[in-house]
Amino acid sequence: MSLIDTLAERLTRHPKRVVFPEGSDPRILQAARQFATRRLGVPILLGDRSVIKENAARLDLRLDGLRILEPSRSDEFPEFVKKFQGLRRFKGLDELEARDYVANNNYFAAIMLATMSADAVVAGATQVAASGLRPLFQVLPLQEGVATASSMAIVETSLPHIGINGHLFLADCGVLPNPTAEQLADIAVTTAALAHHLTNETPRVAMLAYSTKSRDPKNPVIGKIQSATKLAHRKAVERGLVMDIEGELQLDAALDPVTAKQKGVDSSVAGRANVLIFPDLNSGNLVLKTMQIIASARTYGQIITGLARPASEISRGASAHDIFGTAVLVAAQAVDHNFLYAHNPAEVKA
């Protein structure tokens, strides 16, 4: 069973509210219909009600079980405007300016998440990444002890011996162009924590580079990755997160046991990594797109890591299937781990 199917089955016992800022997009409508039909929770569609109904009718999709909100006409709007004006970043805005912000679907969705009027956000289907990310970063706080927000993508392969039953967790593929050692350490720890939350498996984190166990630590790129590895290990211990981490490793040494052995690396991570941390956005995004197109792998995300609440910023090229899978992931992220992986599901209900 795929990770998405496993989590979807668990979500039927712990349904969640997922808000979609681009509620009229046909792919969003199809994904939301599937989410509701499978009883995973309540999709909340933001947008013009008449357009959403028209597009749903064109697709022959029912809207029962889905909630439709037009931000500026919603009952929540006046209270959200007040809350928005209270945010430190936006102090000093007059009411008219605040209303303009909150009427924007992305800001409205972020405030819904911040006020726990929704459990997760799936944004980005029709806009450049910055448009979906900016409201999330401006409205939502970071997790305690975390200084960096980044993003994670999940790749579902057809190779069960790769990663966790064929699934790999890749970061950062969508936010930070050139992270520092400290930021790479945060990326590693928050990605590993989410991978554990979603799978209940021990994260095996590979800090990737163009060399394996370089003997040239004066190289600034290699030095940064080696420093990040040590920092990430310390941060994981401080958080009480059980994870294995190794750096620096080339991609083949991280995923292929034979290659790892040939390169003289013998550890719990080498050849068995399930979390891949890239040295920069360029390499992470290029590898992700290569897997999507050449390997025809299913990919889900980007899921924003480091934020206090579950959110995602999907690609404009995402299919309805990809969007549904991402919605399942962020909804599962909103479920307490003890409930998500209870030994006897009948004993607890979120």
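A salt bridge is a side-chain nitrogen of Lys or Arg within 4 Å of a carboxyl oxygen of Asp or Glu. Side chains of opposite charge can pair when their charged atoms come close. This is a predicted model, in which local features need pLDDT of at least 70, side-chain atom pairs count only at pLDDT 80 or more, and totals for chains, interfaces and linings use all residues. Residues are numbered from 1 along each chain as its sequence is written, and side-chain values use heavy atoms, with hydrogens and water left out.

**Salt bridges**

The structure holds 16 salt bridges. Three of them are listed here, with the distance between the closest N and O atoms.

| Basic residue | Acidic residue | N to O distance |
|---|---|---|
| Arg38 | Asp5 | 3.7 Å |
| Arg27 | Asp25 | 3.0 Å |
| Arg73 | Glu70 | 3.7 Å |

Take the salt bridge of Arg38 with Asp5. It links distant parts of the chain, 33 residues apart. Arg38 sits in the loop between helix H2 (26-37) and strand S2 (41-46), and Asp5 sits in helix H1 (residues 3-11). Helices (H or I, at least four residues) and strands (E, at least two) are DSSP runs, numbered from the N terminus.

How open are these side chains? Three words cover it: buried means under 20% relative accessible area, exposed means over 50%, and partly exposed lies in between (1.4 Å probe, protein chains only). Arg38 is partly exposed at 33%. Asp5 is partly exposed, also with 33%. In the bridge of Arg27, the partner Asp25 is buried at 11%. Glu70 is buried at 18%, whereas its partner Arg73 is exposed at 67%.

Salt bridges can also join up. Arg33, Arg62 and Asp64 are linked in a network of them.

**Aromatic pairs**

A pair of aromatic rings is described by the distance of the centres and the angle of the planes. Rings of Phe, Tyr and Trp (its six-membered ring) pair if their centres lie within 6.5 Å; planes under 30 degrees apart count as stacked, over 60 as edge-to-face and the rest as tilted. By this rule there are seven aromatic pairs. One of them is Phe90 with Tyr107, an edge-to-face pair with 6.4 Å centre to centre and 85 degrees between the planes. Phe90 lies in the loop between helix H4 (77-85) and helix H5 (95-103), and Tyr107 lies in helix H6 (residues 105-114), so the pair ties together parts that are 17 residues apart in sequence. Phe90 is buried, with a relative accessible area of 6%. Tyr107 is buried too, at 8%. Ring pairs link Phe84, Phe90, Tyr101 and Tyr107 into a cluster.

**Backbone details**

Which residues does a cis peptide bond join near omega 5 degrees? Gly301 and Gln302 are joined that way. Gln302 is in strand S10 (residues 298-305). Another cis peptide bond joins Ala171 and Asp172, with omega about -15 degrees. Asp172 lies in the loop between strand S6 (167-171) and helix H8 (181-199).

Now look at phi. Arg39 has a phi near 60 degrees, a positive value in a residue other than glycine. Arg39 is in the loop between H2 and S2, and is exposed, with a relative accessible area of 65%. Asn200 also has a positive phi, near 65 degrees. Its place is the loop between H8 and strand S7 (204-208). Asn200 is partly exposed at 36%.
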